[in-house]
Amino acid sequence: MASVSETRTEGGDTQRAYNVEIFLMSFAALLLEISYTRVVSFKLFYYYTYLVIGLALLGIGTGGVLVAISRRMRTASTDTILMWGLLLGAASVGVGYLVVALTPVDTLEIWDYGTLSSLTNLVGLVVMCLALFASFIAVGVMIATLFGRRSEQINQLYFADLVGAGLACALVVPFLSTIGPPASIGLAGLILALPGLRLAYRRRATPLVTAGAVVAAALALIVVAPGILPDPRGDGAKAELQDRDVVFSSWSPIFRVDAVDVGDDVRLLYHDGLAGSAIYKWDGDPASL
């Protein structure tokens with residue numbers, strides 16, 4: 001009887017545990033999903049965060065469907081699927097953020113049915129949704145592949161999957177408070193890129209090693225220097241903060257805060273691009289209150 005390590009799978013590769021890989025991809029997926037809720041809340045409105053959750057689930061589910069219907073995926077080795085899935089997933093994260101951040105959308109104009117403005121803004125929203133959706137397809141493909149081919153290890157794989165997702169949920173709050181959502185999105189992509197780069201190197205796929213190294217380096221740069229990323233363009237109904245005298249800006253797990261100097265010792269406080277309250281300069285004398 002062949003040992004577990006010698007058993008051949010449907011894809012023709014030898015049996016081995018993928019606990020680390022599934023831990024990392026689940027960690028990255030939840031980190032990406034929750035980070036995007038903050039970006040979309042700032043760019044559009046807070047209730048669009050539910051759209052992010054739906055698109056993430058749709059992307060992961062679509063990946064599972066592709067595994068079920070694609071004969072090519074069923075015959076490819078597990079390492080090949082993971083190598084391509086991790087690298088393409090990482091690249092889609094970087095490209096996806098740029099599309100989401102830079103696509104101009106005025107969601108209120110969509111409701112003015114029958115006009116050109118309604119159509120163009122609807123198209124912009126769809127483009128944003130596709131960019132978000134595409135970032136999760138690779139994760140769905142890889143998880144479905146591992147669960148389908150490693151049924152005898154499902155307890156270990158599912159445990160690693162839950163630990164990765166749970167740890168991401170625990171750490172995303174301090175990440176959003178410190179490095180911010182854009183850098184957290186870059187970190188999610190980097191977590192996908194590194195194991196993909198390792199697989200490409202081990203399989204001596206030189207072109208993929210080069211491409212993966214470029215993607216990983218770009219994502220690492222985003223994590224350590226998120227200021228190089230473009231700020232998300234706010235909804236047309238929101239203030240254009242890029243054109244204002246912003247004296248302070250900070251992300252948090254609740255919303256993005258911007259303080260805008262409007263002169264005469266008064267500053268306006270914006271929450272997710274919407275004017276919140278005024279801040280008046282105090283001379284330090286309690287009597288003046």
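# Arg256 and its surroundings

User: Is Arg256 buried or exposed?

Analyst: This is a predicted model, and Arg256 has 4% relative accessibility in it. The cut-off for buried is under 20%, so Arg256 counts as buried.

User: Where along the chain does Arg256 lie?

Analyst: Start with the two strands on either side: strand 1 and strand 2 form a hairpin with six residues between them. Arg256 belongs to that linking stretch, in the loop between strand 1 (246-250) and strand 2 (257-263).

User: Which ring has Arg256 lying over its face?

Analyst: To count, CZ of an Arg has to be within 6 Å of the ring centre. Arg256 comes in at 4.9 Å from a ring centre. The ring in question is Trp251.

User: Which side chains does the Arg256 side chain join through polar contacts?

Analyst: One polar contact spans 2.8 Å and goes to Ser249, while another spans 3.1 Å and goes to Asp258. These two partners also face each other in the hairpin, with Ser249 standing opposite Asp258 in strand 2. For the side chain of Arg256, then, the names are Ser249 and Asp258.

User: Which residues are in contact with Arg256, leaving aside neighbours within four places in sequence?

Analyst: The ring partner Trp251 is in there, and so is the polar partner Ser249. Asp258 is not named, since neighbours within four places are left aside. The full list is Phe42, Asp231, Ser249, Ser250, Trp251, Tyr270, His271 and Asp272.

User: How many bridges join strand 1 to strand 2?

Analyst: A pair of strands needs at least two bridges. Strand 1 and strand 2 clear that bar and run antiparallel. The count of bridges is four.

User: Which strands stand at the edges of the sheet?

Analyst: Four strands make an open, antiparallel sheet in the order 1-2-3-4. The two at the edges each have a single partner strand, so one side of each is left without a neighbour in the sheet. The twist averages 20 degrees from one strand to the next. The edge strands are strand 1 and strand 4 (274-280).

User: Asp272 turned up among the contacts of Arg256; what is its phi?

Analyst: Asp272 sits in the loop between strand 3 and strand 4, and it is buried, at 8% relative accessible area. Most residues other than glycine have a negative phi. Asp272 has a positive one, near 50 degrees.

User: Is Asp265 buried or exposed?

Analyst: Asp265 also has a positive phi, about 60 degrees, although it is not a glycine. Its place is in the loop between strand 2 and strand 3 (266-271). With a relative accessible area of 52%, where exposed means over 50%, Asp265 is exposed.

User: The structure holds seven aromatic pairs; what geometry does the one formed by Phe147 and Tyr158 have?

Analyst: The ring centres of Phe147 and Tyr158 are 6.1 Å apart, with 75 degrees between the planes. The pair links distant parts of the chain, since Phe147 is in helix 6 (residues 116-149) and Tyr158 is in helix 7 (residues 154-178). Both are partly exposed, Phe147 at 26% and Tyr158 at 42%. Planes over 60 degrees apart count as edge-to-face, so this pair is edge-to-face.

User: Which residue lies over the face of Phe45?

Analyst: Phe45 is part of an aromatic cluster with Tyr46, Tyr47 and Tyr48. A charge lies over the face of Phe45, at 5.1 Å from the ring centre. That residue is Lys238.

User: Which residues does Val139 touch, not counting those up to four places away in sequence?

Analyst: Val139 is found in helix 6 and is buried, at 2% relative accessible area. Its C-alpha is 7.1 Å from that of Gly89, although the two are 50 residues apart in sequence. The residues it touches are Met25 and Ala29.

User: What pattern does the protein follow along the sequence?

Analyst: There are nine helices and four strands. Buried residues make up 45% of the 289 residues, and the C-alpha atoms fill a box of roughly 90 × 50 × 35 Å. Read along the sequence, the pattern is α-α-α-α-α-α-α-α-α-β-β-β-β.

Notes
Residues are numbered from 1 along each chain as its sequence is written. This is a predicted model: local features need pLDDT of at least 70, side-chain atom pairs count only at pLDDT 80 or more; totals for chains, interfaces and linings use all residues. Side-chain values use heavy atoms; hydrogens and water are left out. Rings of Phe, Tyr and Trp (its six-membered ring) pair if their centres lie within 6.5 Å; planes under 30 degrees apart count as stacked, over 60 as edge-to-face and the rest as tilted. Buried means under 20% relative accessible area, exposed over 50%, partly exposed in between (1.4 Å probe, protein chains only). A charge sits over a ring if NZ of Lys or CZ of Arg is within 6 Å of the ring centre and within 35 degrees of the ring normal. A polar contact is a pair of N or O atoms within 3.5 Å; within protein, one must be able to donate a hydrogen and the other to accept it, and residues adjacent in sequence count only if both atoms are side-chain atoms. Contact means heavy atoms within 4.5 Å. Axes are lines fitted to C-alpha atoms, for helices over the stretch in contact, and angles run from 0 to 180 degrees between N-to-C directions.
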